[in-house]
Amino acid sequence: MESCLPTTIVDEAQKPAQRPGVVLFALAMGSFAIGTTEFATMSLLPYFSKDLGIDEATAGHVISAYALGVVVGAPTIAVLAARLSRKFLLIALMLVFGIANGLSALAPNYHWMLFFRFLSGLPHGAYFGVAALVGASLVPVDKRASAVARIMLGLTIATVIGVPAANWMGQVLGWRAGFALVAALAALTMGLVWTFTPKQARDPDASPLRELGALKRGQVWLTLGIGAIGFGGMFAVYTYVASTLLTVTQVSPGFVPMILCVFGLGMTAGTLFCGWAADKAQMPAIGLCLVWSALWLAVYPFAAHNIWAVSAVVFMIGGGGGLGIMLQTRLMDVAGDAQTLAAALNHSAFNFANALGPFLAGLVIARGAAFNDTGFVGVLLALGGLLIWFIAILDNRRRALL
């Protein structure tokens, strides 16, 4: 399929930067910080729920508040900051992110925690969206997905290192230390981006109105729908995986960080593979990823009773996390000249999934289901994403015939 990227963006993409690896590492550090707070909050849920005097189902709303912040912040910032330098915007977003996570570490009660997590989520989608565009501009156009995957490796490595570390700190030093760690990582990212990310000329034609043009494209909405629904399955399970391990698998708390690390290894492998696959066959790879997720989410409820079985299945579920890379580059192809908004909306969609999955899983748990039954919720969401993918395929073929 012929790329719908604006000519100026394609030209930039065909002129590799002198040191793209260093720039991608700096951008990946930001995704490491974001990934640590996004996933560590889920793993710390049993600890901060007890300290704040709420049950675990209610504590899941803290995660949803962060996701809501992403959903609101990504499009709003992308539109209002359309004329800003991308480098300046990345630094400003990390500043807000760091301050909000520092405040989360100081939250005195549940309601303040909800508010601070909402603030923490506001820069999330815009950062990933802008970082993906910067990363894609450093490499040839046929390597875009691989470049975006390298940036997103920061998020997946966070699930291997950052999340287990934050969970361990939560057990030893208290859950507040996990959010303080994220604030420090945000400060480090600001320094790296300032030092290594090249200045990019502002687009004189950029405007909020042009960015809003992305909302007129049906394929943009369908791509966002795949992520908003299909990715919810993974979050439905991951949010309560620590609780599942403690109450269903009945492992000691010391095993929880290890299993979270296994999930991160799966997500890292999935990100690398999906980045490669998206450069080769974008839409078929998206469909196969959704089928993969549905399959392993269906196995999860039955595997949860055995430590070795659940470890293997958690690894496989993590592999489905590469879906985001493929949808990110899909949006680059269908968004035309509204690149910033479309790229940021991708993370709004995923964090809508981050809110929807835990919400639906929480409803099931509140009605008396076991924590491992969240896998059944995940299957339905993954299949919902697959249905939207099929509609997108049909719509694409219809447009090709016109």
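This is a tour of a predicted model, moving from the whole chain to single residues.

**Whole chain**

Start with the full chain shown as a cartoon. It has 19 helices and zero strands. The radius of gyration is 20 Å, close to the 21 Å that the globule rule gives for 402 residues, so the chain is as compact as a globular protein of that length. Along the principal axes, the C-alpha trace spans about 55 × 45 × 35 Å.

Switch on the surface. Its accessible area comes to about 15800 Å², and 71% of that belongs to carbon and sulfur atoms. Of the 402 residues, 61% count as buried. A contact map of the chain would show how the fold is connected: among contacts with a separation of 6 or more, 87% are between residues 24 or more positions apart.

**The nonpolar cores**

Select Phe39, Tyr127, Ile286 and Leu323. These are the residues with the most contacts inside the largest nonpolar core, which has 117 residues. Now colour helix H2, residues 20-43: with 11 residues, H2 gives the most to this core. Apart from this core lies another, of 14 residues, including Ala335, Leu341, Leu345 and Ala349.

Return to Ile286 and display its surroundings. Beyond neighbours within four places in sequence, Ile286 is in contact with Ile226, Leu323, Met326, Leu327, Arg330 and Trp389.

**Val163 in helix H8**

Next, select Val163, which is found in helix H8. Is this residue buried or exposed? Val163 has a relative accessible area of 0%, so it is buried. Once neighbours within four places in sequence are set aside, the contacts of Val163 are Gly35, Thr36, Phe39, Ala40, Ser43, Ala158, Tyr238 and Leu260. Phe39 has already appeared as one of the residues with the most contacts inside the largest core. For a distance check, pick the C-alpha atoms of Val163 and Cys261: they are separated by 7.6 Å, although the two residues are 98 residues apart along the chain.

**Ser293 in helix H15**

Move to helix H15, residues 282-303, and select Ser293. The relative accessible area here is 14%, and because that is under 20%, Ser293 counts as buried. Excluding residues up to four places away in sequence, Ser293 touches Gly320 and Ala382.

**Two salt bridges**

How many salt bridges does the count give? It comes to two. Side chains of opposite charge can pair when their charged atoms come close.

For one of them, show Asp333 and Arg144 as sticks. Their side chains meet at 3.1 Å, N to O. This pair links distant parts of the chain, with Asp333 in helix H17 (residues 323-334) and Arg144 in helix H8 (residues 144-172), 189 residues apart. Both Asp333 and Arg144 are buried.

For the other, go to Arg398 and Asp395, whose side chains meet at 2.9 Å, N to O. Both lie in helix H19 (residues 374-401), three residues apart, which is about one turn of the helix. Arg398 is partly exposed, with a relative accessible area of 43%. Asp395, at 13%, is buried.

**Leu103 and Ala105, at the end of H5**

Select Leu95, Ile99, Leu103 and Leu106 with the surface on. They form a nonpolar patch, with about 370 Å² of accessible area together. Leu103 lies in helix H5, residues 86-104, and counts as partly exposed because its relative accessibility is 31%.

Then step to Ala105, in the loop between H5 and helix H6 (110-121). In contrast to the partly exposed Leu103, Ala105 is buried, with a relative accessible area of 9%. Ala105 touches Arg176, Phe179 and Ala180, leaving out residues up to four places away in sequence. To get a sense of scale, draw a distance from Ala105 to Gln219: the C-alpha atoms are 40 Å apart, and the residues are 114 apart in sequence.

**Gln250, a backbone check**

The last stop is Gln250, in the loop between helix H13 (241-249) and helix H14 (256-280). Which backbone angle deserves a look at Gln250? Its phi is positive, about 60 degrees, although the residue is not a glycine. Most residues other than glycine have a negative phi. Gln250 counts as exposed because its relative accessibility is 63%.

How values were computed. Residues are numbered from 1 along each chain as its sequence is written. This is a predicted model: local features need pLDDT of at least 70, side-chain atom pairs count only at pLDDT 80 or more; totals for chains, interfaces and linings use all residues. Side-chain values use heavy atoms; hydrogens and water are left out. A nonpolar core is a set of buried Ala, Val, Leu, Ile, Met, Phe, Trp, Tyr and Cys residues joined through side-chain atoms within 4.5 Å. Buried means under 20% relative accessible area, exposed over 50%, partly exposed in between (1.4 Å probe, protein chains only). Helices (H or I, at least four residues) and strands (E, at least two) are DSSP runs, numbered from the N terminus. Contact means heavy atoms within 4.5 Å. Patches are made of residues with over 30% relative accessible area and no salt bridge: like charges are joined within 9 Å, nonpolar side chains (Val, Leu, Ile, Met, Phe, Trp, Tyr) within 5 Å. Accessible areas come from the Shrake-Rupley method with a 1.4 Å probe; for residues, only the protein chains shown count as cover. A salt bridge is a side-chain nitrogen of Lys or Arg within 4 Å of a carboxyl oxygen of Asp or Glu. The radius of gyration is taken over C-alpha atoms; the globule rule is 2.2 Å times the number of residues to the power 0.38.
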